[in-house]
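Student: Please take me slowly through the salt bridges in this model, with the place of each partner in the chain and its exposure to solvent.

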Amino acid sequence: MAKVTLLAHTPDPEKLVAAAAKLCYSASSPQTLMEGLTPEKTESFLEMLERMGHESPIEHVSFTFGIEGVSRSMLAQITRHRIASYSVQSQRYVREKDFSYVTPPQIAAIPKAQQLYRETMEKIGESYDRLAELLKSEHTKILMDEGMDEKSAARKAEKMAIEDARFVLPNACETQMVVTMNARSLLNFFRHRCCNRAQWEIREVAYQMLELVYQVAPSLFKNAGAPCVRGNCPEGKMSCGHPDQVRAYDAMRKGKATR
């Protein structure tokens with residue numbers, strides 16, 4: 001099951017955004033920007049930026065998350081958000097022995113489907129282990145024939161083996177990552193991934209991320225989420241057709257974040 005942790009963020013993010021905005025619209029110098037920025041004035045600046053659609057000042061603050069218990073399928077989706085930094089546990093360097101995997105809820109809900117899914121994962125795990133051992137054994141022999149000592153050959157052969165054996169691993173295979181996004185990228189991420197039409201796994205990750213940043217910067221992220229949270233759905237005929245349901249769910253998750 002996905003678990004998101006907020007590892008770090010820009011200190012006093014809302015005040016920093018307000019200070020950047022203040023520079024745009026006043027004769028203040030960088031050295032005096034933070035002066036006089038009370039909580040009320042800070043919130044006023046953030047509301048003004050939202051009304052104007054002026055988003056560049058919010059790029060000055062960033063948030064870093066630890067994400068675990070997610071599938072490689074989800075990894076492929078989140079990395080489509082390109083204005084971000086990603087560090088992902090490598091299958092080239094970390095051996096997936098008895099690998100953990102994510103089970104989609106719709107599969108888990110059907111006993112026969114869940115059994116078939118589990119059996120498939122077990123077979124893949126067995127194939128991965130056998131393939132890794134076969135490759136490691138062969139690579140070790142070749143390296144030793146080339147003059148490398150047994151211990152060094154085995155260590156290098158292990159890396160060479162799992163680099164190729166990983167090709168049999170499924171999208172379901174669990175991974176973990178560290179992700180950093182600035183606030184503007186986060187708002188874009190939430191617009192796309194908190195939507196009802198987003199895939200279930202990345203939607204859950206998005207809402208966990210939103211809950212965490214909402215605790216830190218509630219004024220900055222109060223209208224974050226799917227477009228229908230604060231207006232009309234832009235999806236046209238592709239809309240889920242349930243904006244009230246999305247708004248209620250969004251309010252519940254944000255309410256949970258403040259408790």
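Tutor: What follows takes the salt bridges pair by pair and ends with a network. The model is predicted, so local features need pLDDT of at least 70 and side-chain atom pairs count only at pLDDT 80 or more, whereas totals for chains, interfaces and linings use all residues. Residues are numbered from 1 along each chain as its sequence is written, and side-chain values use heavy atoms, with hydrogens and water left out.

A search of the whole structure finds 14 salt bridges, each defined as a side-chain nitrogen of Lys or Arg within 4 Å of a carboxyl oxygen of Asp or Glu. One of them joins the side chains of glutamate 47 and lysine 222, at 3.5 Å from N to O. Glutamate 47 belongs to helix H2 (residues 39-52), while lysine 222 sits in the loop between helix H9 (218-221) and helix H10 (243-258), so this pair ties together parts that are 175 residues apart in sequence. The helices and strands named here are DSSP runs, numbered from the N terminus, with at least four residues for a helix (H or I) and at least two for a strand (E). Glutamate 47 is partly exposed, with a relative accessible area of 31%, and lysine 222 is likewise partly exposed, at 31%; on this scale buried means under 20% relative accessible area and exposed over 50%, with partly exposed in between (1.4 Å probe, protein chains only).

Another salt bridge is formed by the side chains of arginine 92 and glutamate 163, at 3.1 Å from N to O. This pair also links distant parts of the chain, since arginine 92 is in the loop between strand E3 (85-88) and helix H4 (105-108), glutamate 163 is in helix H6 (residues 150-165), and 71 residues separate them. Arginine 92 is partly exposed, with a relative accessible area of 28%, and glutamate 163 is partly exposed as well, with 21%.

The next pair lies within one helix: the side chains of arginine 247 and aspartate 244 meet at 3.1 Å, N to O, and both residues belong to helix H10, three residues apart, which is about one turn of the helix. Arginine 247 counts as partly exposed at 32% relative accessibility, whereas aspartate 244 is exposed, with a relative accessible area of 58%. Finally, Glu55, Glu59, Arg184 and Arg191 are joined into one network by salt bridges that share partners.
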